[in-house]
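Colleague: I am new to reading models like this one. Could you take me through one part of it closely, and then show how other parts compare in kind?

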Amino acid sequence: MKILAIETSCDDTGIAILEASETGEFKVLSNEISSQIEIHKQYGGVFPAMAKREHQKNSVPVLIKSLKEAGLLLPAKPVNKVETEKLQEILEREPELYKKIIPFFKKYQKPDIDFIAVTNGPGLEPCLWVGVNLAKALSYFWNIPIIATNHVESHILVNYLNRKEIKFPAIALVVSGGHTQIILVKKIGDYQILGETRDDAAGECFDKAAKILGLDYPGGPIISKLAEKAEPGRITLPRPMFNTKDYDFSFSGLKTAILYHHQKQNKKTQKDKQYIADMCAEIQQAIVDVLLKKTIQATKDYNAKTIILGGGVSANHELKTQLLMKLHEDMPNVEFLFPQIDHSTDNGLMTAITGYFHKKEVTNWQDLKADANLRVG
């Protein structure tokens, strides 16, 4: 079974091709990504209209690259006819994508693909629609069924890439620029959100904190790197909702505390490398402390056998290291799973894996829609 997967929920255009055996073993045939980080740096975050435009521009080139890497890019037969009228209707919202897809269909023939998996939510709606409409066009023209996938679930299930089984129940901590959620995973497809952020996600807090300190976007990797040069304990910031009896988060108060602390410093101190490093270390530790406290508590309360980490912030070294140490001390029998770094951020591969587990839930391309607020569970 081969699955072509499309991911455009935010600012990464990801297209992957995954081969799955009858016994559930995965072989990655390709996993191509076009990043927009350099474009959005000037805004300190993702600008949705610009991200949509870039997805339209990048989708077909990434598709070609992915098919070529998988050995599935084959020249079209001489009789390859393109019915442009229906495709124009499908891609009405994506004029730039339409201009690129017609030459693609004329030049290349249908690949040996069994399913098309696509992220239809949650995410930035303008971005989601590009991937959804691309999937619809491919499904219509190639007559290949579509599987709609949930972006948050994909961050959880990517942990299946190199293993056949995960012990349930599990607690999933999904942390990224748009999501911070603690999810009870009873089994694949059976989820319950136990807690989530009431305002900014952890990744957003990293980005906004970096902007306050005059650092580049995205903030998480830069803050993590500079924190290594810190002198611990010189700065103290609050841990919002640390002692509440729930699994919810709030990072807007931390962001405000960072801003006020920074504004109180004179201009020389604000630019001092040691001050910035100390701030980075405390910002990172404040976020990690809250994430750990809530995740460990949920694991105990629900007698979970596994903790699953997912999302872009899962690449944070301190988060993984401190969570692993905490489990070793308090719950040595609980397994800890996290994706390799290049599978932490958004990518088509995680969409493909989720598509595999939902292969019996095919969606008619005419009925497929993007849902920016799609929930897991």
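What follows is a close look at helix packing, then at some backbone details and one buried serine.

Modeller: A word of caution to start: this is a predicted model. Let us begin with α4 and α5.

Helix α4 covers residues 95-107. It packs against α5 at an angle of about 30°. The two axes are 12 Å apart. Angles under 35 degrees count as roughly parallel, so α4 is roughly parallel to α5. The crossing of this pair is right-handed. Which residues of α4 and α5 make the contact? From α4 come Leu97, Ile101, Phe104 and Phe105. From α5 come Val130, Leu134, Ala137, Leu138, Phe141 and Trp142. Sort them by class and you get ten nonpolar residues, no polar ones and no charged ones.

Now take a second pair, α11 and α12. Helix α12 spans residues 317-330. Here the packing angle is about 40°, and the axes lie 10 Å apart. Roughly parallel needs an angle under 35 degrees, so α11 counts as oblique to α12. This crossing, too, is right-handed. On the α11 side, the meeting residues are Gln284, Gln285, Val288, Asp289, Leu291, Leu292, Ile296 and Lys300. On the α12 side, they are Glu318, Leu319, Gln322, Leu323, Lys326, Leu327 and Asp330. By class, this contact has seven nonpolar, three polar and five charged residues. Find the charged ones on your screen: Asp289 and Lys300 are among the α11 residues in the contact, and Glu318, Lys326 and Asp330 are among those of α12.

Next, the loops that flank some of these helices. Most residues other than glycine have a negative phi, and most peptide bonds are trans. Look for exceptions.

Start just before α5. The loop between β4 (115-121) and α5 (125-142) holds Pro122. The peptide bond from Gly121 to Pro122 is cis, with omega near -10°. A second cis bond runs from Tyr217 to Pro218. Its omega is near -5°. Pro218 sits in the loop between α7 (202-212) and α8 (219-227).

Now phi. Met241 is not a glycine, yet its phi is positive, about 60°. You will find Met241 in the loop between α8 and α9 (252-264). Is Met241 buried or exposed? Its relative accessibility is 16%, so Met241 counts as buried.

Asn303 also has a positive phi, near 50°, and is a residue other than glycine. Asn303 belongs to the loop between α11 (273-301) and β9 (306-310). Here the accessibility is 61%, so Asn303 counts as exposed. Set the two side by side: Met241 is buried, whereas Asn303 is exposed.

Last, a residue in a strand. Ser30 lies in β3, which runs over residues 26-35. Its relative accessibility is 2%, so Ser30 counts as buried. What does the side chain of Ser30 make a polar contact with? The partner is the side chain of Ser66, at 2.6 Å. Leave aside residues up to four places away in sequence, and Ser30 touches Ala16, Ile17, Ser66, Glu69 and Ala70. Ser66 therefore appears twice, as a polar partner of the buried Ser30 and among the residues that Ser30 touches.

Methods: Residues numbered from 1 in each chain as written. Predicted model: local features only at pLDDT ≥ 70, side-chain atom pairs only at ≥ 80, totals over all residues. Heavy atoms only, no water. Helix = DSSP H or I, 4+ residues; strand = E, 2+ residues; numbered from the N terminus. Buried < 20%, exposed > 50% of the residue type's maximum accessible area, 1.4 Å probe, protein only. Polar contact = N/O pair within 3.5 Å; in protein donor to acceptor, adjacent residues only side chain to side chain. Contact = heavy atoms within 4.5 Å. Axes fitted to C-alpha atoms, helices over the stretch in contact; angles between N-to-C directions. Parallel < 35°, antiparallel > 145°, perpendicular 65-115°, else oblique. Left-handed = near helix turned anticlockwise from the far one by under 90°. Nonpolar A, V, L, I, M, F, W, Y, C, P; charged D, E, K, R; others polar.
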